[in-house]
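Let's walk through this one together, a piece at a time. Have the sequence and the 3D view side by side, and click along as we go.

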Amino acid sequence: MPELSRRSALTAAAVLATSAGALSAAIPASAAGHHDSPGTFDEVYKGRRIQGRPATGSGHHGHHGAGYAVFVDGVELHVMRNADGSWISVVSHYDPVATPRAAARAAVDELQGAPLLPFPAN
């Protein structure tokens with residue numbers, strides 16, 4: 001096994017530092033931290049108003065929803081953030097998506113025009 005020269009070590013360190021800097025520059029700030037809460041949204045999707053925003057207070061949101069509240073036509077859609085950063089809702093529990101907005105859209109698709117009923121919190 002060849003010996004590692006100072007020049008080889010410095011070259012390798014420079015390459016690693018450059019690639020790490022390029023990678024961190026390519027990742028948006030919102031996606032870089034797992035614990036960062038997604039931004040707010042308010043839109044009409046397939047005729048249904050979907051909204052999402054950071055939740056206030058220490059209610060049921062604080063644990064499962066990572067402090068985030070989602071609404072479909074003004075009724076709260078219970079969402080949960082998985083350990084891998086994906087999101088699920090009570091309507092599309094077995095179909096994880098990347099964002100709370102995508103969870104709201106998936107719920108609207110699954111509801112097929114039916115009203116969302118309030119989910120009783122413990």
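Start at S86 and look at what surrounds it: setting aside neighbours within four places in sequence, S86 is in contact with M80, R81, P96 and V97. This serine belongs to the loop between β5 (79-81) and β6 (87-89). Is S86 buried or exposed? With a relative accessible area of 11%, S86 is buried. The side chain of S86 also has a polar partner, as a contact of 2.6 Å joins it to the side chain of D84.

Now zoom out. What you have on screen is a predicted model, and its protein chain has four helices and six strands. Going along the sequence, the order is α-α-β-β-α-β-β-β-β-α. Of the 122 residues in the chain, 27% are buried. The chain exposes about 8,200 Å², and carbon and sulfur atoms supply 58% of that area. If you take the contacts with a separation of 6 or more, 39% of them are between residues 24 or more positions apart.

Next, have a look at β3, which covers residues 68-72. How many of the five residues in β3 are buried? Five of the five are, so to speak, under cover. You can check this face by face: Y68, V70 and V72 are buried on one side, and A69 and F71 are buried on the other.

β3 has strand partners to show you as well. It pairs with β2 in the antiparallel sense, over five bridges, and one place to see this is I50, whose bridge partner in β3 is V72. β3 also pairs with β4, again in the antiparallel sense, this time over three bridges. V72 turns up here too, standing opposite V75 in β4. β3 and β4 form a hairpin with two residues between them. One to click on in that turn is D73, which has a positive phi of about 55 degrees.

D73 is a handy link to the charged pairs. A search of the whole structure finds five salt bridges, and D73 takes part in one of them with R48, where the closest N and O atoms are 2.5 Å apart. Because D73 sits in the loop between β3 and β4 while R48 is in strand β2, this pair ties together parts that are 25 residues apart in sequence. The two partners have their own degrees of cover: D73 is partly exposed at 40% relative accessibility, whereas R48 is buried at 9%.

Another salt bridge to find is the one between the side chains of E43 and R101, at 2.5 Å from N to O. What does this pair tie together? E43 lies in strand β1 (residues 41-45) and R101 in helix α4 (residues 100-111), so the bridge connects parts that are 58 residues apart in sequence. E43 is buried, with a relative accessible area of 17%, and R101 is partly exposed at 30%. E43 and R101 aren't on their own, either: salt bridges that share partners join E43, R101 and R105 into one network.

Stay with α4 for one more charged pair. K46 forms a salt bridge with D109, and their closest N and O atoms are 2.8 Å apart. This one links distant parts of the chain, with K46 in the loop between β1 and β2 and D109 in helix α4, 63 residues apart. K46 is exposed, with a relative accessible area of 61%, while D109 counts as partly exposed at 33%.

That leaves α4 itself. The helix has twelve residues and reaches 16 Å from its first C-alpha to its last, close to the 16 Å expected at 1.5 Å a residue. Which residues of α4 are buried? They are P100, A103, A104, A106, A107, V108 and L111. If you're looking at the spacing in that list, remember that an α-helix has 3.6 residues a turn, so residues three or four places apart point the same way. And what covers the buried residues of α4? The cover includes β1, β2, β3, β4, β5 and β6. Finally, step just past the helix to Q112, which follows α4 and has a positive phi, near 50 degrees.

Conventions: Residues numbered from 1 in each chain as written. Predicted model: local features only at pLDDT ≥ 70, side-chain atom pairs only at ≥ 80, totals over all residues. Heavy atoms only, no water. Buried < 20%, exposed > 50% of the residue type's maximum accessible area, 1.4 Å probe, protein only. Contact = heavy atoms within 4.5 Å. Areas by Shrake-Rupley, 256 points an atom, 1.4 Å probe, with all protein chains shown as cover. Salt bridge = Lys/Arg side-chain N within 4 Å of Asp/Glu carboxyl O. Pairing = 2+ DSSP bridges. Polar contact = N/O pair within 3.5 Å; in protein donor to acceptor, adjacent residues only side chain to side chain. Expected span 1.5 Å × (residues − 1).
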